[in-house]
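Work through the following exercises with the coordinates open, and try each task before turning to its solution.

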Amino acid sequence: MLALLRPRQWVKNVFVLIIPLAVDPAALLHHIAWALATLATFTAASAAVYVLNDWLDRKQDRLHPVKRHRPLASGQVGPLGALLLGVGCLTTLAVCGALLPPAVQAVTAAYVLLNLAYCLALKHFPLVDVSVIAIGFALRALAGCLVVSAPFNPALIISMYCACLLMALGKRRHELVTANLQERAAAQRPALTGYSVSLLDQLMALLLAATLISYELFVLSAPHPHAAVLAVVTMPLAIFALCRYLQLIAMHRGSEEPGHDVLTDAPLVINAVLWLISLTVSRIP
């Protein structure tokens, strides 16, 4: 049952905390209880989406070399058990969501509806599928800023969206290479028929540039007396993070779980810690 909720994927929800921390650490600390409630809400929402997605994809997952071991695809959890688990997630979502401000409730509802549409139809359309995933991250970040009354920085949200879209395309690239080796691309994920390795490489290069440009705009627009210095100091960290991820994908060392790759790759973890410390310290009065 726990595996069906995909706890390893819950790390995605920390964007609820990370973006406010980068923008306004004082606001996050002042409203930490609200932020944690929002984190719990999105965790319950994403868990419910995972249960629904696995239930709908259980037949296709049986054809996949890795996904066939998922609880529903392997038969370890039955359809009824999955349904009860999904109801439990929705109940938790409703209870936690009721504690949040109306604006955050609206963002959470948009996240749930978007992912419901993804599970039912949007995941079958190339480019739309990865766009929905990236928008989900943007909604997490937006909810985190709203709940702690942190300033909304469009450049940061755009940069994060582009970076998440880059990672989603990297995941599709890994899936495509694996599926092509087995000649099962269409069966494993219909959207893969709309991609090619060369197309994905070009799109990822484009998004790398878009991520870096929007990130620099975010840092330079910060209310900091030395914003220009901060932009120069953190730019190498931003470039290294993106290039390291592309290296993992190109060398076929990346998996189908980009979040897991980021958290288990030592160079990326060290780089992320230094990066976040630089952004956070610069905004503490």
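A residue counts as buried when its relative accessible area is under 20%, as exposed when that area is over 50%, and as partly exposed in between. The model used here is a predicted one.

**Exercise 1. Cysteines**

Determine how many disulfides the structure holds, and decide whether Cys162 is buried or exposed.

Solution. Begin with the cut-off, which asks for two cysteine sulfur atoms within 2.5 Å. For Cys162 the nearest cysteine sulfur belongs to Cys164 and is 9.4 Å away, and Cys162 is in no disulfide. For Cys96 the nearest cysteine sulfur is that of Cys89, at 11 Å, and Cys96 is likewise in no disulfide. The count for the structure is zero disulfides. Turning to accessibility, Cys162 has a relative value of 8% and therefore counts as buried, while Cys96, with a relative accessible area of 16%, is buried too.

**Exercise 2. Aromatic pairs across the chain**

Describe the geometry of the pair formed by Phe42 and Tyr111, and state which helices it links.

Solution. The structure has four aromatic pairs by the rule applied here. In the one formed by Phe42 and Tyr111, the ring centres are 5.2 Å apart and the planes make an angle of 65°, which is an edge-to-face arrangement. Next, place the partners: Phe42 belongs to helix H3 (residues 32-56) and Tyr111 to helix H7 (residues 102-120), so that the pair links distant parts of the chain, 69 residues apart. Finally, check accessibility: Phe42 is buried at 0% relative accessibility, and Tyr111 is buried at 3%.

Now treat the pair of Tyr215 and Trp275 in the same manner.

Solution. This pair is also edge-to-face, with 5.3 Å from centre to centre and 85° between the planes. Because Tyr215 lies in helix H11 (residues 197-220) and Trp275 in helix H14 (residues 266-281), the pair ties together parts that are 60 residues apart in sequence. Tyr215, at 4% relative accessibility, counts as buried, and it forms one aromatic cluster with Phe218 and Trp275.

**Exercise 3. Nonpolar cores**

Which residues of the largest nonpolar core touch the most other members, and which helix gives the most to this core?

Solution. The largest nonpolar core has 64 residues, and within it Ile19 and Phe218 touch the most other members. Several helices each supply at least two residues of this core, among them helix H1 (15-23), helix H8 (128-147) and H12. The greatest contribution to the core comes from H9, with twelve residues. Another core, of ten residues, lies apart from the largest one and includes Leu5, Ala48, Val51 and Val77.

**Exercise 4. The course of helix H12**

Compare the end-to-end distance of helix H12 with its expected span, and then locate where H12 bends.

Solution. Helix H12 (residues 227-250) has 24 residues, which at 1.5 Å a residue should span 34 Å, and the end C-alpha atoms are 34 Å apart, so the two values agree. As for the bend, H12 turns by about 35° at Thr234, and a proline, Pro236, follows within four residues.

**Exercise 5. Charges over rings**

Find the rings over which Arg58 and Arg140 lie, and give the distances to the ring centres.

Solution. The charged end of Arg58 sits over the ring of Trp55, at 4.4 Å from the ring centre. In the other case, Arg140 lies over the face of Phe137, with 4.9 Å to the ring centre.

Conventions. Residues numbered from 1 in each chain as written. Predicted model: local features only at pLDDT ≥ 70, side-chain atom pairs only at ≥ 80, totals over all residues. Heavy atoms only, no water. Phe/Tyr/Trp six-rings, centres within 6.5 Å; stacked < 30°, edge-to-face > 60°. Buried < 20%, exposed > 50% of the residue type's maximum accessible area, 1.4 Å probe, protein only. Lys NZ or Arg CZ within 6 Å of the ring centre and 35° of its normal. Expected span 1.5 Å × (residues − 1). Bend = angle between axes of the 7 residues up to and from the residue. Core = buried A, V, L, I, M, F, W, Y, C linked by side-chain atoms within 4.5 Å.
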